[in-house]
Amino acid sequence: MDMDNIQYATTRGLSDEEVAELLAAHHVGVLSLADGGDAYAVPVDYHYDGDHFYVRLTDDGESDKLEFLAATERPEFLVYGHGGQYESWSILVRGDLHEIDPDERGIDAATVNDWFGPVRVFDESVPELTLRLFELTVERLVGRATIG
């Protein structure tokens, strides 16, 4: 099918400053993982300070996302939105995701509460949950926005 009668929107690349502003203003994105031919994408909270990109996960001992994470060679993280100064925008972050020790980095519970939204509990027992922090070592960071 040719594009003669198809609607389209033009996009442009976002500057490093625009990407940093958008990432700092939001705190939820989609972590995309894969195990062979199976994909797994899950919304998770993140924190980006311009130097470090942190992802917060919880573990109830039966976490599909952690099983997929262990099998994924190169995860990708998507943050996107609509409105504001852009009709729509998206940022893709790709790199190595590795667990960190919050104590070694001086990250306490007050900092975690400040950086991330509340932990969303589904059918898990809160006392059985373990909070785990990961750092995404950014190898590629690409942002695009729709031109109005």
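The buried residues of helix α2 are covered by, among others, strands β2, β3, β4, β6 and β7. This helix spans residues 64-71. Which of its residues are buried? They are Lys65, Leu66, Phe68 and Leu69. Seen around the helix axis, these four cover an arc of only 160°, which puts them on the same side of α2. The other side carries exposed residues, Glu67 and Ala70. All of this is read from a predicted model.

Stay with Glu67 for a moment. Glutamate 67 belongs to helix α2. Its relative accessible area is 55%, and exposed means over 50%, so glutamate 67 counts as exposed. Aspartate 35 is 32 residues away from glutamate 67 in sequence. In space, the C-alpha atoms of the two are 8.7 Å apart.

Now step back to the whole chain. It holds 3 helices and 7 strands. Starting at the N terminus, the order of elements is β-α-β-β-β-α-β-β-α-β. The C-alpha trace spans about 55 × 35 × 30 Å along its principal axes. The chain has 148 residues, and 36% of them count as buried. Consider next the contacts with a separation of 6 or more. Of these, 70% join residues 24 or more positions apart.

Helix α1 comes next, at residues 16-25. Its buried residues are Glu18, Val19, Leu22 and Leu23. Looking down the axis of α1, they fall within an arc of 125°, so they line one face of the helix. A general rule of helix geometry helps here. An α-helix has 3.6 residues a turn, so residues three or four places apart point the same way. The face of α1 turned away from the buried side holds the exposed residues Asp16, Glu17, Glu21, Ala24 and Ala25. What lies over the buried residues of α1? The cover includes β1 (11-13), β3 (38-48), β4 (53-59), β5 (76-83), β6 (86-100) and β7 (130-146).

Leu23 leads on to the interior. The largest nonpolar core has 26 residues. Which of them have the most contacts inside it? They are Leu23, Phe53, Phe77 and Ile91. At least two residues of this core come from each of α1, β2 (28-35), β3, β4, α2, β5, β6 and β7. Strand β6 gives the most, with 5 residues. Apart from this core lies another, of 7 residues. Tyr54, Ile107, Trp115 and Leu133 are among its members.

Phe53 shows what surrounds one residue of the largest core. Set aside its neighbours within four places in sequence. Phenylalanine 53 is then in contact with Leu23, Tyr46, His47, Tyr48, Phe77, Val93, Phe134, Glu135, Leu136 and Val138.

Valine 55 sits in strand β4. Is it buried or exposed? Its relative accessibility is 1%, and buried means under 20%, so valine 55 counts as buried. Again leaving out neighbours within four places in sequence, valine 55 is in contact with Val44, Asp45, Tyr46, Phe77, Leu97, Phe116, Arg132, Leu133 and Phe134. Histidine 98 is 43 residues from valine 55 along the chain, and their C-alpha atoms are separated by 9.6 Å.

Leucine 131 belongs to strand β7. At 36% relative accessibility, leucine 131 counts as partly exposed. Beyond its neighbours within four places in sequence, leucine 131 is in contact with Arg56, Leu57, Val112 and Val119. Arginine 56 is 75 residues from leucine 131 in sequence. From C-alpha to C-alpha, the two are 7.2 Å apart.

Finally, turn to the empty space. The largest pocket holds about 400 Å³. Its lining is made by 21 residues. Which lie nearest its centre? They are Pro43, Thr58, Lys65, Arg120 and Phe122. Three elements, β3, β4 and α2, give two or more residues each to the lining. Strand β3 supplies the largest share, 5 residues. By class, the lining has 10 nonpolar, 2 polar and 9 charged residues. Lys65 brings the tour back to its start: this residue is one of those nearest the centre of the pocket, and it is also one of the buried residues of α2.

Conventions: Residues are numbered from 1 along each chain as its sequence is written. This is a predicted model: local features need pLDDT of at least 70, side-chain atom pairs count only at pLDDT 80 or more; totals for chains, interfaces and linings use all residues. Side-chain values use heavy atoms; hydrogens and water are left out. Buried means under 20% relative accessible area, exposed over 50%, partly exposed in between (1.4 Å probe, protein chains only). The arc is that of the directions from the helix axis to the C-beta atoms. Contact means heavy atoms within 4.5 Å. On a 1 Å grid over the protein atoms alone, a cavity is a set of points where a 1.4 Å probe fits but cannot get out, and a pocket is an open set with protein on both sides within 12 Å along at least five of seven lines; lining residues have an atom within 4 Å of a point. Grid points are joined across faces, edges and corners, and a volume is the space filled by probe spheres set on the points. Ala, Val, Leu, Ile, Met, Phe, Trp, Tyr, Cys and Pro count as nonpolar, Asp, Glu, Lys and Arg as charged, and the others, Gly among them, as polar. A nonpolar core is a set of buried Ala, Val, Leu, Ile, Met, Phe, Trp, Tyr and Cys residues joined through side-chain atoms within 4.5 Å.
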